[in-house]
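Student: Hi! Could you walk me through this model before I head back to the bench?
Tutor: Happy to, let's have a look together.
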Amino acid sequence: MSRAFVFPGQGAQAIGMGKALADAYPAAKAVFDEVDAALGQSLSSLIWEGEIETLTLTENAQPALMATSIAALKALEVEGIGIETASFVAGHSLGEYSALAAVGAISISDTARLLRTRGQAMQKAVPVGQGAMAAILGLDYAAVSAVAEEAAQGDVCAAANDNDPAQVVVSGAKAAVERAVEIAKGKGAKRAVLLPVSAPFHCALMAPAADVMAEALAAVDINAPKVPVVANVRGVAVSNPDEIRKLLVEQVTSAVRWRESVAWMAGQGVDEIWEIGAGKALTGMVRRIDRAVAIRNIGTPEDVAKAKEA
């Protein structure tokens with residue numbers, strides 16, 4: 001079996017995530033401790049005992065999800081399933097940072113600080129209420145790109161997440177995204193719904209955040225990854241640190257090419273994908289992209305035990 005590890009993005013957060021892993025594995029607890037120290041706050045207390053509204057704030061959700069993913073990975077490593085057992089890693093949006101931390105390209109502390117900065121910058125880039133995102137179900141990426149172009153009418157509107165063959169997310173100015181929803185329905189979309197997000201991610205409106213991330217990424221060390229990372233912007237694996245840095249800046253305003261990323265890994269012989277961290281959103285996407293790929297979730301000690309026994 002050729003295996004890939006993938007890491008979830010925003011939306012997977014839940015109060016209590018990673019707590020059982022931290023209780024069962026000192027190595028997992030150490031990840032949360034390191035993230036708390038890097039951020040100068042007890043993010044772990046918020047994750048395990050806080051309010052979901054506070055955890056869902058972009059600046060909190062992004063480092064919290066990364067910490068949970070890396071804690072799950074550390075638990076796997078304790079049981080003898082290390083990162084080197086994967087042929088590739090990938091992550092959805094912020095999950096790409098989790099993937100880079102997993103393969104040693106960026107330290108956990110630097111990753112936490114980068115994600116805090118990223119979350120704050122993305123939130124500040126567009127005033128609340130001026131941007132929006134919408135999920136379009138039942139139309140492919142090319143069709144949704146055409147819908148977005150028609151809906152723009154001088155505003156920013158773009159296909160932002162190519163999640164799977166039947167789910168594409170558009171992002172941009174609120175009025176344009178609302179137009180895209182109606183146009184998509186008229187073109188046969190099964191559903192077209194506005195998403196409960198605080199900013200229009202992965203479109204040109206995020207340019208101010210990309211500038212912030214260019215400066216932040218220039219100040220951190222990026223090492224060659226132990227395992228190739230499939231980049232959101234390209235949909236293929238990259239290993240050069242300078243290229244990784246450049247693509248992370250581009251990622252802020254560019255579409256997440258998740259469907260292409262999974263299809264590319266399958267084309268390289270990957271027949272098993274493990275989602276590492278909170279939730280099961282990526283598992284559903286993988287299933288819709290290629291049903292021949294076996295899937296597994298690693299988010300609890302029970303999941304780790306099953307993986308060890310498999």
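Tutor: Let's start with helix α13 (residues 281–289), which lies across β4 and β5 and runs at about 80° to β4. Helices (H or I, at least four residues) and strands (E, at least two) are DSSP runs, numbered from the N terminus. Axes are lines fitted to C-alpha atoms, for helices over the stretch in contact, and angles run from 0 to 180 degrees between N-to-C directions. Contact means heavy atoms within 4.5 Å.

Student: Anything I should know about the model itself?
Tutor: This is a predicted model, where local features need pLDDT of at least 70 and side-chain atom pairs count only at pLDDT 80 or more, while totals for chains, interfaces and linings use all residues. Residues are numbered from 1 along each chain as its sequence is written, and side-chain values use heavy atoms, with hydrogens and water left out.

Student: OK, which strands form the open sheet, and in what order?
Tutor: The order is β4-β5-β3-β6, with antiparallel pairing. Two strands pair if DSSP finds at least two bridges between them. β4 (157–164) and β6 (191–194) are at the edges with a single partner strand each, so one side of each has no neighbour in the sheet. On average, neighbouring strands are turned by 20° against each other, direction ignored.

Student: How many bridges join β4 to β5?
Tutor: There are 6, and the two strands run antiparallel. C157, for instance, stands opposite G172 in β5.

Student: Which helix packs on the sheet, touching β3, β4 and β5?
Tutor: That's α8 (residues 141–152), whose direction makes about 160° with that of β4.

Student: Switching topic: is R118 buried or exposed?
Tutor: R118 is buried, yet has no salt bridge (a side-chain nitrogen of Lys or Arg within 4 Å of a carboxyl oxygen of Asp or Glu). Buried means under 20% relative accessible area, exposed over 50%, partly exposed in between (1.4 Å probe, protein chains only). The nearest side chain of opposite charge is E96, 7.4 Å away; Lys and Arg count as positive and Asp and Glu as negative, with His and the chain ends not counted.

Student: Where does R118 lie, and what is it in contact with?
Tutor: R118 lies in helix α7 (residues 108–125). Leaving aside neighbours within four places in sequence, its contacts include Q62, Y97, H202 and Q251.

Student: And R291, buried or exposed?
Tutor: R291 counts as exposed, at 69% relative accessibility. This arginine lies in the loop between α13 and β10 (294–298).
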